[in-house]
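Me: Please walk me through one part of this model in close detail. Start with a single helix, then show me how its surroundings and the neighbouring chains fit in.

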There are 4 protein chains.
Amino acid sequence: MQIAFIGLGNMGGPMAINLHKAGHSVRAFDLSQPACDKVAEAGVAVAATAHAAVQGAEVVVTMLPASQHVEGLFLGAGQLLAQLPKGTLVIDSSTIAAATSSKVAEAAQAQGVDFIDAPVSGGTGGAIAGTLTFMVGAEAAALERARPLLEKMGSNIFHAGSVGAGQTAKICNNMLLGILMAGTSEAIALGVANGLDPKVLSEIMRRSSGGNWALEKYNPFPGVQENVPSSKGYAGGFGTDLMLKDLGLAQENAMAVKAATPLGGLARNLYASHSLAGHGALDFSSIIASVQKKG
Amino acid sequence: MQIAFIGLGNMGGPMAINLHKAGHSVRAFDLSQPACDKVAEAGVAVAATAHAAVQGAEVVVTMLPASQHVEGLFLGAGQLLAQLPKGTLVIDSSTIAAATSSKVAEAAQAQGVDFIDAPVSGGTGGAIAGTLTFMVGAEAAALERARPLLEKMGSNIFHAGSVGAGQTAKICNNMLLGILMAGTSEAIALGVANGLDPKVLSEIMRRSSGGNWALEKYNPFPGVQENVPSSKGYAGGFGTDLMLKDLGLAQENAMAVKAATPLGGLARNLYASHSLAGHGALDFSSIIASVQKKG
Amino acid sequence: MQIAFIGLGNMGGPMAINLHKAGHSVRAFDLSQPACDKVAEAGVAVAATAHAAVQGAEVVVTMLPASQHVEGLFLGAGQLLAQLPKGTLVIDSSTIAAATSSKVAEAAQAQGVDFIDAPVSGGTGGAIAGTLTFMVGAEAAALERARPLLEKMGSNIFHAGSVGAGQTAKICNNMLLGILMAGTSEAIALGVANGLDPKVLSEIMRRSSGGNWALEKYNPFPGVQENVPSSKGYAGGFGTDLMLKDLGLAQENAMAVKAATPLGGLARNLYASHSLAGHGALDFSSIIASVQKKG
Amino acid sequence: MQIAFIGLGNMGGPMAINLHKAGHSVRAFDLSQPACDKVAEAGVAVAATAHAAVQGAEVVVTMLPASQHVEGLFLGAGQLLAQLPKGTLVIDSSTIAAATSSKVAEAAQAQGVDFIDAPVSGGTGGAIAGTLTFMVGAEAAALERARPLLEKMGSNIFHAGSVGAGQTAKICNNMLLGILMAGTSEAIALGVANGLDPKVLSEIMRRSSGGNWALEKYNPFPGVQENVPSSKGYAGGFGTDLMLKDLGLAQENAMAVKAATPLGGLARNLYASHSLAGHGALDFSSIIASVQKKG
């Protein structure tokens, strides 16, 4: 099957390569030449423009930074949607506002194009290993069309609901992740300030009612777990500024539907302060620094 | 072994009964006659006063509501500590301020009495079933003395550190629990406000990076899980006012050690508002009502 | 001078009437017939459409509910901007996103039209009395053109900066207002819970370092001041849902510029909870109910 | 009149000197020799111990750092209360827990001693100038006895209610101050991030519904006002750690009476983070740094 892949960053690049490795004919594009070079080295064909990439493609996969890029590509200056033949399937794996997904999907439908939102979690490690989690907003039939491709890039595929629901599920999950990482940081820092051993306390909470993904897989206190960002100077992983973006999407959504999310709103602002303090590029588990004594 | 058990409420009563069932000679006491009657029905010997209960006891177990009761019993009006012979082991399973534990322990040590803090989690269900989790603050030797008894009442025994560390671990865990229950409530309510199915969203987050104990065992949204308080009108379980107490202990501790816990502090105040709105007796997962549209 | 006035709600209606009373030839329009009838009764000429209203007008004043209405009217379906002759002055008194103001202003400039943002504070009382405060974002020359008209509707005219700055000043002020009303409510409720007299405490804080506009003019505790919403069952005044909207604009802006506003974010979510609890139509000082014991 | 003055720090020292200057016979004491030397230079008689200071005194004024010092002096190791003859008036100007004030007052009453709480605001400047604000918790008769002395040290004397009410009024006020300083900081920082001039924005808000004491007298943005800590590198003024202490007293009190103070709780934790980041000794208006871009 002929696939166009647009957006070849830290996530999109490895995803495109995995589709190529699985035997699909992938034509890829990114505005950044180094990003194109990287997938080319892995054997993926690179197109000179987004328009060239989609020529003859049955499926278009996009992995872009933010709402305005997706809207711009398909409906704005890019005008890519107008180029796609009836029956094309667009899988947008960007994490963007659900409202934008719905807007582009509606325009697509008017043209006979299937647009589904399929944001991911699992980080760059999952993108490379092909073990991403997809949260999909789509009609059942469109999801079934996409499933064989998603399975080449990920190991968990959740059907969250109709178009836009993938984005909503993603931001609900990431808002909760932001809260529990910051909350876990506070709990460990409080214990340590009382003289407790962070390993012992983490293990107690992990096996008690405080148990959560951060304690399980991604402990924010240096040295408690191996091979997590906190044990490597908070390098790699999922950056503070990316978490800040997702927490912002959650607040934007909360405002649109008049929902109340006091902890989610506070988490967004704590990460914003952490970023302003100069830690935007560090892994998001470095938020623990904001509740620790300095120096 | 002769054991005195003081404090026979919803938690203490079943714990005393479990020690009795395990073959120990238990003499129990509570200021409330109905509480005494309840354990008496199960065959536990009841003493007329705390002083009478500890006569001849090698071990004294206490399960009292708050710091002032523990301090009052041992050091204040109760003056019970002065009555205990050298070598007595006191196991305090109350959830109280770590500072109070340390204060009583110090006085006990001066008299040759071993005082350890061993607060529990697991609720009344765990107390009855004998599957509580103990978080113990004690020297290793004292813990080993207590262990055979703790094993009659619980299935997990964590050694958190020296005296006071059990209390600290407990409030760190429960502060985190308060945060993740409120955070999980916000995430589900946000999804539902966007039209998502709470079951589908809960399952997605449970298996993703938002995964935590609340999603695993205690979903706050009615009907998502069976046999949890949210599916029974928020009856039973762990009351809002008990969570409020524990979150208050965490803040008290944070102030004593000059720690920062922004989410923990906010959680305490959200539960306080929820209690003021008249929901103090409902299970703490009812906090979801504070982020849902009424009526 | 010929003036078109579009948007005749609780604020816009009296503003249009004040311009008419001052001797200007006003042609007004609103989608709601009762709103049109109300200004017609006061002698203002009513046009059948927005397009008809602007015929021959030197100045267009708009007072609309939200960003999408302003953008829709001028750039979207309304296409009103295309109708305006070179040299027209548009005074937008709506409270909307600064980004929208800037976007419309840019399009206006390309057409030789002056677009300035001039959101107000002072409530319906101020609109009727002609004592509104205007926070204006404009080049100095455009502001001077507008000033004689603004003076007919308000008594304070602040020049906040260039286009968009009026909106920013407004949301900064209203975010701060939301914080200090909620904070003042907490402080009074805490004192009352300790047995203090709310009048005595309010007076002490008003004259001390806790002094602020809420204590001065708009005490949230019933009976402390006369003729404020709290003493009239929280009727009238500035509704909870309007404050919620402004706090949402502030958070939206904070996200756009990556600012951190932890108290502002929390205030937004506290008002959202208050609205979900069914109090959206009550005056915003009713937020005190969220920290008071019910019943 | 013979007066004992105990506690000669940055506040107590100047207060004792003002009593001396007013013609009273003051005998002062502090554990710190330099503090004693300072008042001695101003002509105040210094006693070798607290016990010596109170010999023959009709009135005892205390100005101590925290609850434990007041309780310790009068009831604990100090046992000073037992030394005071019937009819002595004790004026405690320390900022401590209302519960401690009530406890000491009760013990005093049992001995025929009048104990009133009279915490102050106004800072070291007000202490030196004799323009402090006193918030007094006392029966009316005791307050009238104290008034002539309070008037030598301050210019505003508020009667908050019976014993303990002075402390409650003080922490309610200072909690509100902590909130409005942090909130004002957020509002100004948000405006500046949007390109507004901090002076212009401050002036707009000061004269609008965001108006408050911080904008009036103590702007947190450097250079907006002269002679405030923000314009002098945040030196002098009211330290972050002192505000942290008062916000902690407010939370402690909120927990004791089961009050909800979400913004007050968050403010306490924001100041705690700010202190952990190394800014505990800077003036509390430096909290603005936590919402500004670093470097």
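Reply: **A helix up close**

Happy to! Helix α7 of chain A runs over residues 140-153, and its 14 residues cover 19 Å from the first C-alpha to the last, close to the 20 Å expected at 1.5 Å a residue. (Helices are DSSP runs of H or I of at least four residues, strands runs of E of at least two, numbered from the N terminus; the expected span is 1.5 Å times one less than the number of residues.) This is a predicted model, in which local features need pLDDT of at least 70, side-chain atom pairs count only at pLDDT 80 or more, and totals for chains, interfaces and linings use all residues. Residues are numbered from 1 along each chain as its sequence is written, while chains are lettered from A and ligands numbered from 1 in the order written.

Now for the bend: α7(A) has a kink of about 45 degrees at Arg147(A), shortly before the proline Pro148(A) (angle between axes fitted to the seven residues ending there and the seven starting there). Buried positions in α7(A) are Ala142(A), Leu143(A), Ala146(A), Leu149(A), Leu150(A) and Met153(A) (buried: 20 or more other C-beta atoms within 10 Å of the residue's own, placed from the backbone). Their cover includes α1 (12-21) and the strands β4 (59-62), β5 (89-92), β6 (114-117), β8 (132-137) and β9 (154-161) of chain A.

Stepping back, the domain assignment, automatic or from a database, splits chain A into domain 1 (2-162) and domain 2 (168-291). Taken over C-alpha atoms, the centres of these two domains of chain A are 29 Å apart. Where they meet, 10 residues of domain 1 of chain A are in contact with 11 residues of domain 2 of chain A (contact: C-beta atoms, placed from the backbone, within 7 Å). On the domain 1 side, α5 (98-109) and β9 of chain A are the elements that give two or more residues. That side divides into seven nonpolar, three polar and no charged residues (charged: Asp, Glu, Lys, Arg; nonpolar: Ala, Val, Leu, Ile, Met, Phe, Trp, Tyr, Cys, Pro; the others, Gly among them, polar).

Another helix of chain A to look at is α12 (262-279): its 18 residues should span 26 Å at 1.5 Å a residue, and its end C-alpha atoms are 23 Å apart, which agrees. In α12(A), 17 of the 18 residues are buried, so the helix is largely enclosed by the rest of the structure.

On to the partner chains. A turn of 180 degrees with a shift of 0.0 Å along the axis lays chain B on chain A with an RMSD of 0.1 Å (least squares on C-alpha atoms with pLDDT of at least 70 in both). The two copies are thus related as by a two-fold rotation axis. In chain B, Asn212(B) comes closest to this axis, its C-alpha being at 1.9 Å. Each of chains A and B brings 55 residues to their contact. On the chain B side, the elements supplying at least two residues each include β8, β9 and α12, and α8(B) gives the most, with 19 residues. By class, that side holds 33 nonpolar, 19 polar and three charged residues. Finally, chain B also touches chain C, with 10 residues from chain B in contact with 10 from chain C; the chain B side there has three nonpolar, five polar and two charged residues.

Methods
Two residues are in contact if their C-beta atoms, placed from the backbone, lie within 7 Å. A residue is buried if 20 or more other C-beta atoms lie within 10 Å of its own, exposed if 12 or fewer, and partly exposed in between; C-beta atoms are placed from the backbone.
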